[in-house]
Amino acid sequence: MESTSQSYWPLLLFIGLIVAAASTGAIFQPGAWYASLDKPSWTPPNWLFGPAWTVLYACIVAAAWLIWRETGSLLALPLLFWFGQVVFNALWSWLFFGVRLPVLALLDLLLMLACILAFIVSAWSVSRSAALLFVPYAVWVTFAGSLNFAIWRLNDWPQAITTGG
């Protein structure tokens with residue numbers, strides 16, 4: 001029988017990976033460049049992003065934990081998609097705010113959404129709760145992709161990239 005301390009190491013791994021992914025948002029912040037961009041009227045206020053992501057990240061960790069508890073394997077198919085979405089999640093802030101390449105950030109969001117949807121589908125037979133925890137995430141990333149697309153279309157990117165605004 002596995003000791004209690006050994007059974008929680010995957011949870012610590014999931015938390016650590018999500019903290020690492022979330023830290024890219026702290027490293028590559030919107031700043032004055034983002035504030036200067038034209039944005040659609042339906043852009044949420046900046047204060048909403050922190051609380052929204054905090055809730056989503058908690059759901060993301062809980063979903064992984066539920067799958068691991070059911071399968072006992074970090075190589076379970078839903079968790080492979082889970083790891084994939086973490087990578088794409090971590091890359092987005094760097095692509096959009098760091099190097100200011102909204103087209104690549106949009107592609108990243110599409111790949112992230114594909115991993116999220118694949119997680120939901122593959123997790124459904126393992127843990128419906130885990131699959132359902134990813135539904136708000138899928139909705140938010142779909143919305144974020146729409147916002148990313150709209151901002152890209154509303155702005156002159158070559159000038160924004162070379163002059164910083």
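Helices are what you'll see here: the chain has 9 of them and 0 strands. Read from the N terminus, the elements simply go α-α-α-α-α-α-α-α-α. Keep in mind that this is a predicted model. The C-alpha trace spans about 60 × 25 × 25 Å along its principal axes.

How do the helices come together? Of the contacts in the chain with a separation of 6 or more, 77% are between residues 24 or more positions apart. As for what's hidden, buried residues account for 41% of the chain's 165 residues. The accessible surface adds up to about 8700 Å², and carbon and sulfur atoms hold 71% of that.

Now for the aromatic rings. A pair of aromatic rings is described by the distance of the centres and the angle of the planes. With centres taken to pair within 6.5 Å, the count comes to 20 aromatic pairs. Take Trp92 and Phe96: their ring centres are 4.9 Å apart and their planes meet at 15 degrees, so this pair is stacked, the cut-off being under 30 degrees. Both residues sit in helix 5 (residues 77-98), and because they are 4 residues apart there, about one helical turn separates them. Are they buried or exposed? Trp92 has 18% relative accessibility, so it counts as buried, the limit being under 20%. Phe96, at 1%, counts as buried too.

Phe134 and Tyr137 show another arrangement. Their pair is edge-to-face, with 5.3 Å from centre to centre and 85 degrees between the planes. Phe134 counts as buried because its relative accessibility is 0%, and Tyr137 is buried with a relative accessible area of 0% as well. These two also belong to a wider group: ring pairs link Trp42, Phe49, Trp53, Tyr57, Phe119, Phe134, Tyr137, Trp140 and Phe143 into a cluster.

Some rings have a charged neighbour over the face. Lys39 lies over Tyr34, at 4.5 Å from the ring centre. Over the face of Trp152 you'll find Arg153, at 5.2 Å from the ring centre.

Let's move to the stretch after helix 5. Arg100 is in the loop between helix 5 and helix 6. What stands out about its backbone is phi: near 55 degrees, a positive value in a residue other than glycine. Its side of the story on accessibility is 23%, so Arg100 counts as partly exposed.

Carry on along the chain and you meet a nonpolar surface patch of about 410 Å², made by Leu101, Leu104, Leu107, Leu110 and Leu111. One of these, Leu104, has its place in helix 6 (residues 102-124). With 41% relative accessibility, Leu104 counts as partly exposed.

Last stop: Val126, in the loop between helix 6 and helix 7 (128-133). Which residues does Val126 touch, not counting those up to four places away in sequence? They are Ile67, Glu70, Thr71 and Pro78. Val126 has a relative accessible area of 27%, so this residue is partly exposed. Compare its position with Ser93: the two are 33 residues apart in sequence, and 31 Å apart in space when you go from C-alpha to C-alpha.

Notes. Residues are numbered from 1 along each chain as its sequence is written. This is a predicted model: local features need pLDDT of at least 70, side-chain atom pairs count only at pLDDT 80 or more; totals for chains, interfaces and linings use all residues. Side-chain values use heavy atoms; hydrogens and water are left out. Patches are made of residues with over 30% relative accessible area and no salt bridge: like charges are joined within 9 Å, nonpolar side chains (Val, Leu, Ile, Met, Phe, Trp, Tyr) within 5 Å. Accessible areas come from the Shrake-Rupley method with a 1.4 Å probe; for residues, only the protein chains shown count as cover. A salt bridge is a side-chain nitrogen of Lys or Arg within 4 Å of a carboxyl oxygen of Asp or Glu. Helices (H or I, at least four residues) and strands (E, at least two) are DSSP runs, numbered from the N terminus. Buried means under 20% relative accessible area, exposed over 50%, partly exposed in between (1.4 Å probe, protein chains only). Rings of Phe, Tyr and Trp (its six-membered ring) pair if their centres lie within 6.5 Å; planes under 30 degrees apart count as stacked, over 60 as edge-to-face and the rest as tilted. A charge sits over a ring if NZ of Lys or CZ of Arg is within 6 Å of the ring centre and within 35 degrees of the ring normal. Contact means heavy atoms within 4.5 Å.
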